[in-house]
Amino acid sequence: MNTALIIMAAVVFVGLLIALTPNVIEYVETVKIRGSQQDVYDAIRFQSDLMQWSAWPAETDSACRQVGTDGEVGATTEFIDKKGKLFGHQTVSEIAPCRFIRLTMTSKGPPHVPLLDFHILPEGERDTKVLLHFRNTISRPFHVILRLAGVVKWTREMHLKDLDGLKRFIERSEDYAGRHVTR
């Protein structure tokens, strides 16, 4: 087999991999929380509370600062690395009182459009069900690279930690790692 044929086959394979691998990552995760819709809604929309129960600051070794009026559309949490440089942010972009919150995110890296929706639903008399709906459209060919590097799997695991953190925060005043927090 000659080298040109091997190279051409490799190029075709990579092209097919890029073309056939979905560039939209989407999933829904749920958690049932013993607590009111209002408490759950507030814990998500107030970025100061969210940063207490979310796994992202600790797991990415970042500091956070809030910009804008906390709890309202436009409120933003900026993520800052150890060197003091901004590397991403999330913004409350849509809310429906006690029912829905959308966060839009930006970060360094390949072009992508991540959206994180929280649907907050009553579950019986004292419980609340939260559906975390994540959707991220990643530019080609980066979508394949991020999948192969494990970023997609890692992101989903972080969202599961976040749901556990939200549950701990509402039910026991703890962060995602079980440390006491002030509410």
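Which residues touch the most other members of the largest nonpolar core? In this predicted model, local features need pLDDT of at least 70 and side-chain atom pairs count only at pLDDT 80 or more, while totals for chains, interfaces and linings use all residues. Residues are numbered from 1 along each chain as its sequence is written, and side-chain values rest on heavy atoms, with hydrogens and water left out.

The core in question has 32 residues, and those touching the most other members are Val 40, Ile 44, Trp 53, Phe 118, Val 130 and Leu 166. A nonpolar core here is a set of buried Ala, Val, Leu, Ile, Met, Phe, Trp, Tyr and Cys residues joined through side-chain atoms within 4.5 Å. Buried is under 20% relative accessible area, exposed is over 50%, and partly exposed is in between (1.4 Å probe, protein chains only). At least two core residues each come from strand S1 (24-34), helix H2 (37-45), helix H3 (47-53), strand S5 (100-107), strand S6 (112-123), strand S7 (127-138) and helix H6 (151-172). H6 gives the largest share, five residues. Helices (H or I, at least four residues) and strands (E, at least two) are DSSP runs, numbered from the N terminus. As a general backdrop, nonpolar side chains in soluble globular proteins tend to be buried together.

Leu 166 makes a handy way into this core. Leaving aside residues up to four places away in sequence, Leu 166 touches Ile 33, Val 40, Ala 43, Ile 44, Trp 53 and Val 130, where contact means heavy atoms within 4.5 Å.

Turning to the strands, S3 (residues 76-80) and S4 (residues 86-96) run antiparallel and are joined by five bridges; two strands pair if DSSP finds at least two bridges between them. Glu 78 has His 89 in S4 as its bridge partner. The two strands form a hairpin with five residues between them, and Gly 84 in the turn has a positive phi of about 85°. On to the next pairing: S4 and S5 are also antiparallel, with eight bridges between them. His 89 stands opposite Thr 106 in S5, and thus His 89 takes part in both stories, as the partner of Glu 78 and as the residue facing Thr 106.

The S4-S5 hairpin has three residues between its strands. Cys 98 lies in that loop and has a phi near 60°, a positive value in a residue other than glycine. Cys 98 is buried at 19% relative accessible area, whereas Cys 64 is partly exposed at 28%. The disulfide count is zero, with a disulfide taken as a pair of cysteine sulfur atoms within 2.5 Å.

Aromatic pairs come to three. Rings of Phe, Tyr and Trp (its six-membered ring) pair if their centres lie within 6.5 Å; planes under 30 degrees apart count as stacked, over 60 as edge-to-face and the rest as tilted. Tyr 27 and Phe 134 have ring centres 5.3 Å apart and planes at 35°, so this pair is tilted. Tyr 27 sits in strand S1 and Phe 134 in strand S7, 107 residues apart. Tyr 27 is buried at 6%, and Phe 134 is buried at 5%. Another tilted pair is Phe 79 with Phe 87, at 6.2 Å centre to centre and 40° between the planes. Phe 79 is buried at 10%, but Phe 87 is partly exposed at 25%.Salt bridges number 15, each being a side-chain nitrogen of Lys or Arg within 4 Å of a carboxyl oxygen of Asp or Glu. Arg 135 forms one with Glu 26, the closest N and O atoms being 3.0 Å apart. Arg 135 lies in strand S7 and Glu 26 in strand S1, so the pair ties together parts that are 109 residues apart in sequence. Arg 135 is partly exposed at 35%, and Glu 26 is partly exposed at 43%.

Lys 161 and Glu 59 form another salt bridge, with the closest N and O atoms 3.3 Å apart. This pair links helix H6, home of Lys 161, to helix H4 (residues 56-59), home of Glu 59, across 102 residues. Lys 161 is partly exposed at 33%, and Glu 59 is partly exposed at 34%.

Finally, Asp 164, Arg 168, Arg 172 and Glu 174 are linked in a network of salt bridges. Within that network, the closest N and O atoms of Arg 172 and Glu 174 are 3.4 Å apart. Arg 172 is partly exposed at 46%, whereas Glu 174 is buried at 18%. Ser 173, in the segment after H6, has a positive phi near 55° in a residue other than glycine.
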